[in-house]
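Please open the model in a viewer and keep the sequence panel visible. The tour proceeds by selection, and each stop states what is to be found there.

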Amino acid sequence: MDAADRTNGVSKPVRAPKTAELIADHLRSSIVRGVLKEGDALPTEVELVKQFGVSRPTLREAFRILESESLIVVRRGSRGGVLVSAPEVSVAARDFGLLLQMSGTTLTDLYEARKVFEPAAAQMLARRATPEDVADLRAAADALATQVGQGTEGADFAEWSAAAFRFHDLIMERAGNNTLRLFAAVLREVVTRHMNRVMRRATDPAGILKQVKQTVRAFHRLVDLVEAGDAAGARDHWAAHMERAGRSLLWGDLARETVIDLYV
């Protein structure tokens, strides 16, 4: 359609991109394709104004767009300049966390998603794991076992939670799929907050100890399956563990809470 987008029979004008957006698109393309690498300095403002045939305010607007995406760092002053940077996971995590909060996503919804992608990651891991991966997984499981072995007296349940989640992290990091790895990294803060909330609300230390001992056994079993290269077994075992663990992570009001409740 000419200059119009028809949706349900209604014509909507198509907004032409601003010149600053076009410049940002050009520079962004050079960065993501590796033509411009992290740490590289862009040409001076004078050179870029001449290259693009635009005013300084327009160029600076393009810089603001790229700066908001963490693709460049603008250094001002006598030793100023514009350097290419790499986007940080924390930026994506913040934005995605806000989306989860504003859309009213429940903790149950979030955990259902984890029950889909973590068993898949365990399956990939069993197919691709190196001896180093197996050793790191076993060390993470042993670290949690050591903490649990000391009993609940004086125990720091937040440390137990962190140790358990480190094992989950390793599954996602070593599965060999970059999309899953980044997705898990983006969700890390939200999931960590949820697990810490569960631990703070728990009133039965003996019950926690029993559950975490079951978790340690599940961790060690997964390591054995990964080491044996049993992809289907690893997937099914981890799916069963996630289902069982969900019942202890989403009890009572927690099942109905939303992600935003973790931040207030």
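Begin with residues 81-84, strand β4, in this predicted model. One face of β4 is covered and carries Val-82 and Val-84, while Gly-81 and Leu-83 lie on the uncovered face. Next, add residues 72-75, which form strand β3. The two strands run antiparallel and are joined by four bridges. To see one pairing in detail, select Val-74, whose bridge partner in β4 is Val-82. Val-82 has already been met on the covered face of β4.

Now move to helix α5, residues 107-128. This helix has 22 residues and spans 31 Å from its first C-alpha to its last, close to the 32 Å expected at 1.5 Å a residue. Colour its buried residues, among them Leu-107, Leu-110, Tyr-111, Arg-114, Phe-117 and Glu-118. Further along, the buried set also includes Ala-121, Ala-122, Leu-125 and Ala-126. Then display α6 (131-149), α7 (157-174), α8 (178-201), α9 (205-228) and α10 (231-249), against which the buried residues of α5 pack.

Within α5, centre the view on Glu-118. Is this acidic side chain's residue, Glu-118, buried or exposed? Its relative accessible area is 2%, under the 20% cut-off, and Glu-118 is therefore buried. Two polar contacts of its side chain can be displayed here. One, of 2.9 Å, leads to the side chain of Arg-114, which is itself among the buried residues of α5. The other, of 2.7 Å, joins Glu-118 to the side chain of His-168. Beyond the residues up to four places away in sequence, Glu-118 touches His-168, Ile-171, Met-172, Trp-238 and Met-242. For a view of the fold around this site, draw a line between the C-alpha atoms of Glu-118 and Asp-169: the two residues are 51 apart in sequence and 9.8 Å apart in space.

The next stop concerns aromatic rings. A pair of aromatic rings is described by the distance of the centres and the angle of the planes. The model holds five aromatic pairs. Select Phe-167 and Phe-219, a stacked pair with 4.0 Å between centres and 5 degrees between planes. The pair links distant parts of the chain, with Phe-167 in helix α7 and Phe-219 in helix α9, 52 residues apart. Phe-167 is buried at 0% relative accessible area, and Phe-219 is likewise buried at 0%. Keep Phe-167 selected and add Trp-238: the ring centres are 5.8 Å apart and the planes stand at 45 degrees, so this pair is tilted. Because Phe-167 lies in helix α7 and Trp-238 in helix α10, the pair ties together parts that are 71 residues apart in sequence. Trp-238 is buried, with 0% relative accessibility, and has already appeared among the residues that Glu-118 touches. A separate selection of Phe-96, Phe-117 and Phe-183 displays one aromatic cluster. Its member Phe-117 is one of the buried residues of α5.

Finish at Thr-215, in helix α9. What places Thr-215 in the buried class? Its relative accessible area is 17%, and because the cut-off is 20%, Thr-215 counts as buried. With residues up to four places away in sequence left out, Thr-215 touches Leu-144 and His-241.

Technical notes. Residues are numbered from 1 along each chain as its sequence is written. This is a predicted model: local features need pLDDT of at least 70, side-chain atom pairs count only at pLDDT 80 or more; totals for chains, interfaces and linings use all residues. Side-chain values use heavy atoms; hydrogens and water are left out. Buried means under 20% relative accessible area, exposed over 50%, partly exposed in between (1.4 Å probe, protein chains only). Two strands pair if DSSP finds at least two bridges between them. Contact means heavy atoms within 4.5 Å. A polar contact is a pair of N or O atoms within 3.5 Å; within protein, one must be able to donate a hydrogen and the other to accept it, and residues adjacent in sequence count only if both atoms are side-chain atoms. The expected span of a helix is 1.5 Å times one less than its number of residues. Rings of Phe, Tyr and Trp (its six-membered ring) pair if their centres lie within 6.5 Å; planes under 30 degrees apart count as stacked, over 60 as edge-to-face and the rest as tilted.
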